[in-house]
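Student: I have a model open and some labels I want to test. Can we go through them one by one?
Tutor: Yes. Bring each label, and we will set the value against its cut-off.

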Amino acid sequence: MGEKKTIINQYVLDEPFQTEDAGTSRWTFAQKNGDACFIKEFFDPVYPMNPEKLSPKLVNDKVAFCRVFEQKKARLYKMVNEVSDGHLVRIKEFFRNNSHYYITTEKIESNGITMEQIRQLQPESILCLCRGIAHGLMMLHTGKIVHADIKESNVLIKKLENGQYTGKIIDFDSAFFEGDRLGEDDLGGDFVYLSPEGCRFMFGEEVKLTCKMDVFALGLLFHQYFSGDLPEFDHSEYDYAYEAVLDDAKLKLSETIPDGVRSLIELMLKKDPGERCDMVYVYDVLGQLMSPVPEADDTVTLEARPGETPYVKKERVTPPVQPKISQRLYIAANLMKEADIPSGEEDAKANIKGIVTLYVNYDRKESYTLRSLEWTSVGRGAQECQIVTPDNVKGVSRIHCQIYYDDGKKVYYVVDQSTNGTYLRGNKRLPKGVQVEVQGNSILELGDSRCKLYLDC
């Protein structure tokens with residue numbers, strides 16, 4: 001006779017619950033209808049199953065607390081599933097069985113790769129891993145969810161058949177929505193990855209907690225992926241990175257990390273959340289660092305900023321096929337004014353593909369949806385441009401550049417019209433008046449480097 005298996009709400013447990021790295025819960029794996037899954041039991045709250053042993057007031061208080069817990073978790077898990085992109089573990093069920101609450105998720109197969117093994121991968125492979133994780137967290141943040149416990153053990157890594165590695169974010173026990181009212185004891189997470197503002201909140205300061213908390217934690221994790229360890233700081237003075245940052249002691253990043261990645265991590269680890277980049281920026285920069293130089297028939301010499309070497313880049317400069325008038329916004333000369341789309345052209349109205357996001361000082365200002373095969377102008381001229389830059393940004397012309405997205409090729413075409421230049425990848429100036437093909441997930445700088453456009457596909 002085999003050992004009798006424990007069954008909870010039709011989930012047959014593979015092994016007894018364990019508490020390793022589980023916080024205020026315990027977990028194991030289980031089977032339901034032939035599907036393998038992960039199951040977690042919360043220690044708190046406990047629903048009163050024997051009310052006769054408690055005072056009526058205490059019973060009412062416990063039941064009310066449980067109801068709030070149920071509502072918060074149900075809302076949170078529903079949003080997680082809605083924004084899940086493959087890099088976020090999906091929630092199967094959240095339920096109460098007798099006095100305890102449970103959550104079940106898909107079972108994630110992990111290769112158990114160590115930080116040292118990740119560090120030894122090719123930089124391109126680490127970039128690919130980081131960008132997948134960044135996309136998952138970016139999607140979570142679109143739902144205004146703060147994970148609040150990004151750390152090594154909460155990103156499960158798996159090797160794919162093509163030899164690359166991918167990560168999946170798990171464990172939303174500490175997660176909350178931006179704007180939720182939290183008590184000082186409600187903030188969970190690992191102190192190793194805690195953000196400066198998270199510490200201030202725990203000590204009773206009035207601090208607005210946002211998704212930028214996760215950016216800080218992920219910056220530390222990325223540093224580990226590329227170097228094998230956390231950034232250096234004075235361990236005789238501080239136990240954790242956030243303590244050093246709060247004291248304005250500079251974190252020393254490893255010299256083994258590629259320059260572009262190191263610069264990105266520096267932005268992710270800013271003390272002030274307002275100066276810290278967001279996950280859209282992280283995802284786009286990682287994509288830019290991964291992007292190969294496209295093969296093409298023609299070349300364009302991109303002028304460098306003063307003191308830098310000019311850069312010759314292969315680009316297709318053949319103008320895109322002019323779309324039919326019924327499929328685009330007609331651009332009249334340099335005024336770039338929007339014309340009416342003829343009525344009945346539903347295909348044109350639905351032909352919305354390209355996404356352009358405007359950032360100033362790493363703050364996301366606004367995202368714009370571009371129709372494929374239509375020109376859009378960018379600049380400070382409110383009457384002439386569809387994407388208008390703030391007045392306080394220096395060096396931006398009235399019509400600074402023009403952008404055209406081709407959904408068929410999944411590329412953008414950019415024409416610089418400015419005095420101070422449109423720069424690709426931060427320092428390579430596009431030739432003025434020449435149409436240049438730019439890949440999706442590229443970064444353009446307008447005028448001074450504070451104003452950026454991110455082109456996504």
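Tutor: Start with a term: a cavity is a set of grid points where a 1.4 Å probe fits but cannot get out. A volume is the space filled by probe spheres set on the points. Keep in mind that this is a predicted model.

Student: How many cavities of 30 Å³ or more does the search find?
Tutor: The whole structure has two. About 80 Å³ of space lies in the largest cavity.

Student: What makes a residue part of the lining of the largest cavity?
Tutor: An atom within 4 Å of a point. The lining of the largest cavity includes A148, D149 and I150. G188, G189, D190, Y193, L194 and S195 also line the largest cavity, as do M213, D214 and A217. By class, six lining residues are nonpolar, three polar and three charged. Gly counts as polar here.

Student: Why is α3 called roughly antiparallel to α5?
Tutor: α3 covers residues 123-142 and α5 residues 212-227. Their angle is about 165 degrees, with the axes 11 Å apart. Angles over 145 count as roughly antiparallel. So α3 is roughly antiparallel to α5. The crossing of α3 past α5 is right-handed.

Student: Which residues make that contact of α3 and α5?
Tutor: Contact means heavy atoms within 4.5 Å. From α3, the contact residues include P123, I126, L127, L129 and C130. From α5 come D214, L218, F222, Y225 and F226. The contact divides into twelve nonpolar, one polar and one charged.

Student: What makes α5 and α7 roughly antiparallel?
Tutor: Again, the angle. The axes of α5 and α7 (residues 259-268) cross at roughly 150 degrees and come within 8 Å. The cut-off is over 145. α5 is therefore roughly antiparallel to α7. The crossing of α5 and α7 is left-handed. On the α7 side, V261, I265 and M268 make the contact. Among the α5 partners are V215, F216 and G219. Eight contact residues are nonpolar, two polar and none charged.

Student: How do you know that α3 and α8 are roughly antiparallel?
Tutor: α8 spans residues 279-290. α3 and α8 pack at about 155 degrees, with axes 9 Å apart. Angles over 145 earn the label. Therefore α3 and α8 are roughly antiparallel to each other. α3 passes α8 in a left-handed crossing. The α3 residues in contact include C128, R131, H135 and M138. The α8 residues include M279, V280, Y283 and L286. The contact has 13 nonpolar, three polar and one charged residues.

Student: Which peptide bond joins D44 and P45, cis or trans?
Tutor: A cis bond, with omega about 0 degrees. Most peptide bonds are trans. P45 sits in the loop between β4 (35-42) and α1 (56-83).

Student: What makes N98 worth a remark?
Tutor: The sign of phi. N98 has a positive phi of about 60 degrees although it is not a glycine. Most residues other than glycine have a negative phi. N98 is in the loop between β5 (91-97) and β6 (100-106).

Student: What does G433 touch, not counting residues up to four places away in sequence?
Tutor: G433 touches V415 and D416. G433 and D416 are 17 residues apart along the chain, and their C-alpha atoms are separated by 5.6 Å. G433 lies in the loop between β20 (428-429) and β21 (435-439).

Definitions and conventions. Residues are numbered from 1 along each chain as its sequence is written. This is a predicted model: local features need pLDDT of at least 70, side-chain atom pairs count only at pLDDT 80 or more; totals for chains, interfaces and linings use all residues. Side-chain values use heavy atoms; hydrogens and water are left out. On a 1 Å grid over the protein atoms alone, a cavity is a set of points where a 1.4 Å probe fits but cannot get out, and a pocket is an open set with protein on both sides within 12 Å along at least five of seven lines; lining residues have an atom within 4 Å of a point. Axes are lines fitted to C-alpha atoms, for helices over the stretch in contact, and angles run from 0 to 180 degrees between N-to-C directions. Helices (H or I, at least four residues) and strands (E, at least two) are DSSP runs, numbered from the N terminus. Angles under 35 degrees count as roughly parallel, over 145 as roughly antiparallel, 65 to 115 as roughly perpendicular and the rest as oblique. A crossing is left-handed if the near helix is turned anticlockwise from the far one by less than a right angle, and right-handed if clockwise.
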